[in-house]
Amino acid sequence: DQARRSTEWTAAQFSAEDLDRLGSAPLTLEAEDILFVHAETPSPDEFGYVETTEDASACFAATDARFIFIGHTHIPLV
């Protein structure tokens, strides 16, 4: 319930224009041999977590990027 209320409150703070801009933002950004992604690289639109070595291996297998920065995490790791 707390997460839902927080999400609803946050959404109410944005204008329709803000929400359109956020909704049209790319899910990945590449720069040279670096990939920035909010979630896992094989399916960034599913917003999955990378929690295991196997998850990380799947992320690297899905791209030619040498470095991947993943933002959708609650446990920062290197």
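Here's a quick look at the salt bridges and a nonpolar surface patch in this predicted model.

Let's start with the charged pairs. Searching the whole structure turns up four salt bridges. Three of those pairs are in the table, with the N to O separation for each.

| Pair | Closest N to O |
|---|---|
| R4 and E8 | 3.4 Å |
| E17 and R21 | 3.1 Å |
| R21 and D18 | 3.5 Å |

What sets the spacing between R4 and E8 along the chain? They sit four residues apart in helix 1 (residues 2–12), so about one helical turn separates them. Neither side is hidden away: R4 is partly exposed at 42% relative accessibility, and E8 is partly exposed as well, at 46%. This pair also belongs to something bigger than itself, since a network of salt bridges links D1, R4 and E8.

Helix 2 (residues 16–23) has its own set, with R21 taking part in two bridges. E17 is four residues from R21 in that helix, which means roughly one helical turn lies between them. D18 is three residues from R21 in helix 2, again about one turn. As for exposure, E17 counts as exposed with 55% relative accessibility, because the cut-off for that label is over 50%. D18 is partly exposed at 23%.

Now for the greasy side of things. L29, F36, F67 and F69 make up a nonpolar patch on the surface, and together they offer about 390 Å² of accessible area. One of them, F69, is in strand 3 (residues 67–70). F69 has a relative accessible area of 47%, so it's partly exposed.

Definitions and conventions:
Residues numbered from 1 in each chain as written. Predicted model: local features only at pLDDT ≥ 70, side-chain atom pairs only at ≥ 80, totals over all residues. Heavy atoms only, no water. Patch = residues over 30% accessible without salt bridge, like charges linked within 9 Å, V, L, I, M, F, W, Y side chains within 5 Å. Areas by Shrake-Rupley, 256 points an atom, 1.4 Å probe, with all protein chains shown as cover. Salt bridge = Lys/Arg side-chain N within 4 Å of Asp/Glu carboxyl O. Helix = DSSP H or I, 4+ residues; strand = E, 2+ residues; numbered from the N terminus. Buried < 20%, exposed > 50% of the residue type's maximum accessible area, 1.4 Å probe, protein only.
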